[in-house]
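User: I have a model open and some labels I don't understand. Can you take me through them?

Analyst: Gladly. Show it, and ask away.

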Amino acid sequence: MSTGTTKLDVVVSDVVPVNELVTRFHFRRRDGELLPTFSGGAHVVVEMRDGDRTRLNPYSLMGSPLDTREYTISVRRDDVGRGGSLFMHRSVKPGLEMVISYPVNLFSLDLRAKKHLMLAGGIGITPFMAQTAQLAGEGGNFELHYTCRTASLATYADVLRERYDRRIRLYHDDRDERIDLDRLLSTQPLGTHLYVCGPAGMINWVRDRATALGWPSEAVHFEHFAAPQPGLPFDVTLAVSGKTIRVGEQQSLLEAIEAAGVDPPYLCRGGVCGQCETNVISYDGKFIHNDHWLSEEDHRSGCKIMPCVSRFEGRSLVLER
Amino acid sequence: MAAKTIISRPIYGTLSPQPGKHHLFIADAEGALAIVDMAKMAPPGFFGGAEIVFIPGLDGKHVAALEALKPAQFHLAPSFASLLPRLKQTLGNAHMGLRLYLAGTEGLIGQAMQVALEAGIDHTSMQTEHRGSLARRMQCVHCKGITENVTTQPATCSHCGLLLLVRDHYSRRLAAFQGVCINAEDRSEIPPTEEAFP
């Protein structure tokens, strides 16, 4: 079994459509016991058994960490993705028995902060649902700025406004409302920590401005699960296990390695945690790196790859796996 | 430069200009030269957003060199204790984007870091550079009294009088090295005293 991926046998206790794109799923333990404790920002990896295919997708836990009777996740339907969200929306019904991983937190609050400044974009709101519940229970000082496309797609904005009132600021793209980011970042009291979750472009923008305005990297936290991108099929030789495998168009390299019966370590499956980092023994071709883990230097060197999200195009690739 | 012995023993770097609009420098004695050296790498206009708080020490050197950098604010203090209220007020009113640079003796760096930690700055976010004396600020683990400017090994606690081994074990919270009784079994046993931290 891979590191940190102890499994939980759960049953789907409720499925709630939230808006035209987002559906919420509730899980309870099949044995009726409490689920493991988690902290705001944690995610679980959900196993989706779809015929002969198994997908493993990470989703942030969005319920209150104070309540471990159930876990809740919200899934945004992606009609052009690899099918995980469509499977959740179409095939997962109350009563279905599923397997999820223990919670893992790669986006935790720094509780030494004097204040927590949160920036969410779209479905990136989900980890903040848990973090705000955690902080509110402890009397924590937070402020959440939430950008969404339209009012009807402002998932949970109503719930958050009801719970936290003026600590929640909303920005609607269709009304041309924009965060005055430089002003926001320049007026925070010393000791504020910044958290950002949303599309890659938003995360890069916020990190760049924060750096330019003198925010130390220790005070800037971000989470972006890169979904594995489809691409051209390619062949890989696994030198340690002596196997040659083909990575399909809709398959990630990690999934192809697992399908061949090799069990590499993994945690987030989204290019952020570093667990599945794999050494490259030799290659002839070019890498398509999609992770947030390896340095640019690592990417250029051709010595390492994150098989959860990255691909390869070329004649041959030999991995130390 | 201090050598790494145990994990709590602080390691200092070399000051380098950080991005941001506000820069607060706190330095004593030779620490001024770390700021002057860093200034050679600073972008134009950098010191227009800088405040330098300097404890010159007895010989009063380096004041002119710092003034020549034309910081937006320049403040001289006779001791760390005398600048403490001002430092607390500055940090209490500051916003994110303020960068902190500490240069000089370990006692100065440690005590300024202690105040900055309480204000919410992560210790790894601060720029530090050790210059000048190796004298240590020491806490007696027995009576908890702090003795400043310890240069010898062993050293006598200025509060309870015990003879203490000055360890590399350092507390960021207390901004002090730990001093442990060196002759607890037999107080008449007095090891030779060396000038270990000149």
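Analyst: Keep in mind that this is a predicted model. B:Pro154 is a good start: this residue lies in the loop between strand S7 (146–150) and strand S8 (155–156) of chain B.

User: What makes the peptide bond that joins B:Gln153 and B:Pro154 cis?

Analyst: Look at omega. The value is about -5° for this bond, and the bond is cis. Most peptide bonds are trans.

User: Why is A:Tyr156 called buried?

Analyst: Count its neighbours. A:Tyr156 has 24 other C-beta atoms within 10 Å. The cut-off for buried is 20 or more. So A:Tyr156 is buried. A:Tyr156 is found in the loop between strand S9 (142–148) and helix H3 (157–164) of chain A. Its phi is positive, about 70°, although it is not a glycine.

User: Is B:Lys144 buried or exposed, and how do you know?

Analyst: B:Lys144 has 12 other C-beta atoms within 10 Å. Exposed means 12 or fewer. So B:Lys144 is exposed. B:Lys144 also has a positive phi, about 75°, and is not a glycine.

User: How do you know what span to expect for helix H5 of chain A?

Analyst: Take 1.5 Å times one less than the number of residues. H5(A) has 13 residues, and 18 Å is expected. The helix reaches 18 Å from its first C-alpha to its last, close to that value.

User: Which residues of H5(A) are buried, and why are they said to line one face?

Analyst: A:Met202, A:Ile203, A:Val206 and A:Ala210 are buried. Seen down the helix axis, the buried residues fall within an arc of 100°, so they line one face. On the other side, A:Gly201 and A:Asp208 are exposed.

Terms used:
Residues are numbered from 1 along each chain as its sequence is written. Chains are lettered from A and ligands numbered from 1 in the order in which they are written. This is a predicted model: local features need pLDDT of at least 70, side-chain atom pairs count only at pLDDT 80 or more; totals for chains, interfaces and linings use all residues. Helices (H or I, at least four residues) and strands (E, at least two) are DSSP runs, numbered from the N terminus. The arc is that of the directions from the helix axis to the C-beta atoms.
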